[in-house]
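Welcome, and thanks for taking a look at this one with us. Please have the sequence and the model open side by side as you read.

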Amino acid sequence: MIPPTRLAKMFFLTLSVLAIALASAPVIVAFQKGNATGSPTPAAKETASVADNRNSGEGSSAAIPRAEAPFLQENATAMAKMMHDMSIKPTSEVDRDFVAMMVPHHQGAIDMAEAELRYGKNEQLRRLAQEIIVTQQQEIAAMRLAVGEPLPPSVPSPTTATQSSP
């Protein structure tokens with residue numbers, strides 16, 4: 001049985017990813033339409049620009065506060081990178097393919113949690129973001145070890161992140 005605190009974390013992460021995915025959809029689509037190197041094409045850049053304008057309030061009655069723009073940009077970047085990196089060429093080794101897709105997925109959660117630490121104010125959410133970073137790093141390590149991949153060099157987990165000035 002999964003402990004209730006773990007279920008709550010999983011539920012929060014799922015909701016967070018869903019909310020960010022919905023808010024970032026135009027940027028993700030633009031990134032996915034990039035060229036083979038992953039660089040956005042001019043058309044993809046234009047789509048991202050439209051999304052940026054929407055987020056800045058141009059043509060929208062629900063403008064996003066400018067102070068939130070760096071947070072939203074970091075999350076959109078994390079989501080776009082995650083979606084790009086999860087697009088793998090199948091190798092016919094299911095376990096390796098699973099790890100190849102899940103590692104970027106977990107790294108995306110880490111990147112989004114780091115953005116919460118940089119910009120978030122709610123202490124409960126900041127603590128949860130710290131826990132997400134630690135657990136996702138542990139799960140990445142476990143998956144890599146399970147398929148015989150070497151672990152990357154260790155880096156310290158953030159205990160707090162300095163908030164950038166608005």
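Which pattern does the protein chain follow when read along the sequence? The answer is α-α-α-α-α, with 5 helices and 0 strands in the chain. Please keep in mind that this is a predicted model. The points below go from the whole chain to one helix, and then to the salt bridges.

**The chain as a whole**

- The protein chain has 166 residues, and 28% of them count as buried.
- Its accessible surface comes to about 10,500 Å², and carbon and sulfur atoms account for 63% of that area.
- Taking the contacts between residues at least 6 apart in sequence, 60% join residues at least 24 apart.

**Helix 3**

- Helix 3 covers residues 69-86, which gives it 18 residues.
- From its first C-alpha to its last, helix 3 reaches 25 Å, close to the 26 Å expected at 1.5 Å a residue.
- Which residues of helix 3 are buried? They are Phe71, Asn75, Ala76, Ala78, Met79, Ala80 and Met82.

**Helix 4 and the segment after helix 5**

- Asp95 belongs to helix 4, which runs over residues 94-119.
- Is Asp95 buried or exposed? Asp95 counts as exposed because its relative accessibility is 56%, and the cut-off for exposed is over 50%.
- Although Asp95 and Val147 are 52 residues apart along the chain, their C-alpha atoms are separated by 7.1 Å.
- The neighbour in sequence to look at next is Arg96, which forms a salt bridge with Glu149, with 3.8 Å between the closest N and O atoms.
- Arg96 lies in helix 4 and Glu149 in the segment after helix 5 (123-146), so this pair ties together parts that are 53 residues apart in sequence.
- Both partners are partly exposed: Glu149 has a relative accessibility of 27%, and Arg96 has a relative accessible area of 33%.

**Salt bridges within helix 5**

- How many salt bridges does a search of the whole structure find? The search finds 7, including the two described here, Glu123 with Arg126 and Glu131 with Arg127.
- In the pair of Glu123 and Arg126, the closest N and O atoms are 3.7 Å apart.
- Glu123 and Arg126 are 3 residues apart in helix 5, so about one helical turn separates them.
- The two ends of this bridge sit in opposite classes: Glu123 counts as exposed at 59% relative accessibility, whereas Arg126 is buried with a relative accessible area of 9%.
- For Glu131 and Arg127, the closest N and O atoms are 3.4 Å apart.
- Here the spacing is 4 residues within helix 5, so Glu131 and Arg127 are again separated by about one helical turn.
- Why do such spacings suit side chains that pair up along a helix? An α-helix has 3.6 residues a turn, so residues three or four places apart point the same way.
- Glu131 is partly exposed, with a relative accessible area of 22%, and Arg127 is partly exposed too, at 48%.

**A shared network**

- Salt bridges that share partners join four residues, Glu93, Arg96, Arg144 and Glu149, into one network.
- The bridge between Glu149 and Arg96 described above therefore has both of its residues in this network, as the pair that ties together helix 4 and the segment after helix 5.

Methods:
Residues are numbered from 1 along each chain as its sequence is written. This is a predicted model: local features need pLDDT of at least 70, side-chain atom pairs count only at pLDDT 80 or more; totals for chains, interfaces and linings use all residues. Side-chain values use heavy atoms; hydrogens and water are left out. Helices (H or I, at least four residues) and strands (E, at least two) are DSSP runs, numbered from the N terminus. Buried means under 20% relative accessible area, exposed over 50%, partly exposed in between (1.4 Å probe, protein chains only). Contact means heavy atoms within 4.5 Å. Accessible areas come from the Shrake-Rupley method with a 1.4 Å probe; for residues, only the protein chains shown count as cover. The expected span of a helix is 1.5 Å times one less than its number of residues. A salt bridge is a side-chain nitrogen of Lys or Arg within 4 Å of a carboxyl oxygen of Asp or Glu.
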